[in-house]
Amino acid sequence: MPETVTLYTYFRSSCSARLRIALHLKNIPFTPVYVNLLKGEQSSPVHLSINPSGTVPALVIQRDAQEPIIITQSLAALEYIDEAFPGGPALMPPVSDPEGRAIVRTLAQIIGCDIQPVTNLRILKRVAPLGADRAEWSKDLIEDGLRAYEALVSKTAGKFSVGDEITLADLCLIPAAWGAERVGVDIGEFPVTNAIVKNLEAEEAVKLGHWKTQDDTPEELR
């Protein structure tokens with residue numbers, strides 16, 4: 001077992017929220033290190049030595065005197081958590097169900113590839129000088145992604161995105177839903193997805209990982 005688990009995180013980061021929720025769901029103790037993206041702390045030499053991409057999250061696992069394991073992409077970190085910590089609920093269907101695993105990965109990547117990038121602070125900063133309204137621009141693209149998610153999840157949903165157990169897809173969906181609502185997306189326009197979001201928000205691990213409950217969340221936003 002790892003000696004320590006450290007998560008470099010920012011309260012608004014949807015990718016960080018994926019990992020916060022996963023760690024709580026698996027009951028894995030971890031130490032958060034807060035990186036303020038608005039202050040540019042992600043570009044500091046210290047942070048870049050941990051995550052050369054200059055982003056969050058970064059998951060760091062220290063085992064005894066070994067070199068630490070550092071994972072700087074959230075989807076890879078989620079699969080690592082699932083494989084390295086078999087206790088607690090599985091985040092992926094079993095290897096004996098390759099179709100189910102492909103469905104979970106497809107849904108997760110709709111979020112990770114089609115939706116999340118257009119909410120990324122680095123991307124939004126580059127859109128503004130082009131004259132686009134940042135919120136409106138990202139809203140349209142998020143809605144496109146949610147339409148695709150809704151079309152697929154309508155065939156696989158139970159209580160959650162794929163059946164009645166939380167999967168990696170759900171860990172990607174719920175922070176994306178929070179970000180979508182922030183820019184004015186009406187999740188109710190996607191009824192199956194909306195029902196899944198409501199079920200997820202009732203889960204204790206999701207409450208613990210919510211952006212409003214983090215120690216680095218400004219008091220006025222709590």
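The legends below describe close-up views of helix packing and of single residues in a predicted model. Local features are given where pLDDT is at least 70, side-chain atom pairs count only at pLDDT 80 or more, and totals for chains, interfaces and linings use all residues. Residues are numbered from 1 along each chain as its sequence is written, and side-chain values use heavy atoms, with hydrogens and water left out.

**View 1. Helix α1 and its surroundings.** Helix α1 covers residues 14–25, where helices (H or I, at least four residues) and strands (E, at least two) are DSSP runs numbered from the N terminus. Because the expected span is 1.5 Å times one less than the number of residues, the 12 residues of α1 should extend over 16 Å, and its end C-alpha atoms are indeed 16 Å apart. Of these 12 residues, 11 are buried, a term that means under 20% relative accessible area, with exposed being over 50% and partly exposed in between (1.4 Å probe, protein chains only). Among the buried residues are Ser14, Arg18, Arg20 and Leu25, and the elements that cover the buried residues of α1 include β1 (4–9), β3 (58–62), α3, α4 (98–115), α7 and α9 (204–209). Just after the helix, Asn27 adopts a positive phi of about 55°.

**View 2. Packing of α1 against α7.** The axes of α1 and α7 lie 8 Å apart and make an angle of about 135°; such axes are lines fitted to C-alpha atoms, for helices over the stretch in contact, and angles run from 0 to 180 degrees between N-to-C directions. That angle makes α1 oblique to α7, since angles under 35 degrees count as roughly parallel, over 145 as roughly antiparallel, 65 to 115 as roughly perpendicular and the rest as oblique. The crossing is right-handed, which is to say that the near helix is turned clockwise from the far one by less than a right angle, whereas an anticlockwise turn would be left-handed. Ser14, Ala17, Arg18, Ile21 and Ala22 of α1 meet Leu171, Cys172, Ile174, Pro175 and Trp178 of α7, contact meaning heavy atoms within 4.5 Å. By class, this contact has eight nonpolar, one polar and one charged residues, with Ala, Val, Leu, Ile, Met, Phe, Trp, Tyr, Cys and Pro counted as nonpolar, Asp, Glu, Lys and Arg as charged, and the others, Gly among them, as polar.

**View 3. Packing of α3 against α7.** Helix α3 (residues 74–84) and helix α7 (residues 168–182) have axes that come within 10 Å and cross at roughly 140°. That makes α3 oblique to α7, and the crossing of the two helices is right-handed. From α3, Leu75, Leu78 and Glu79 meet Leu168, Leu171 and Cys172 of α7, a contact with five nonpolar, no polar and one charged residues.

**View 4. Residues in the loops on either side of α7.** Thr167 sits in the loop between α6 (134–153) and α7 and is buried, with a relative accessible area of 5%. Apart from its neighbours within four places in sequence, Thr167 contacts Leu91, Val104 and Val162. Gly184, in the loop between α7 and α8 (191–201), is partly exposed at a relative accessible area of 45%. The C-alpha atoms of Gly184 and Ala135 are separated by 8.1 Å, although these residues are 49 residues apart along the chain.

**View 5. Pro218 in the segment after α9.** Pro218 lies in the segment that follows α9 and counts as partly exposed, at 26% relative accessibility. Its C-alpha atom is separated by 9.0 Å from that of Phe11, the two residues being 207 residues apart along the chain.
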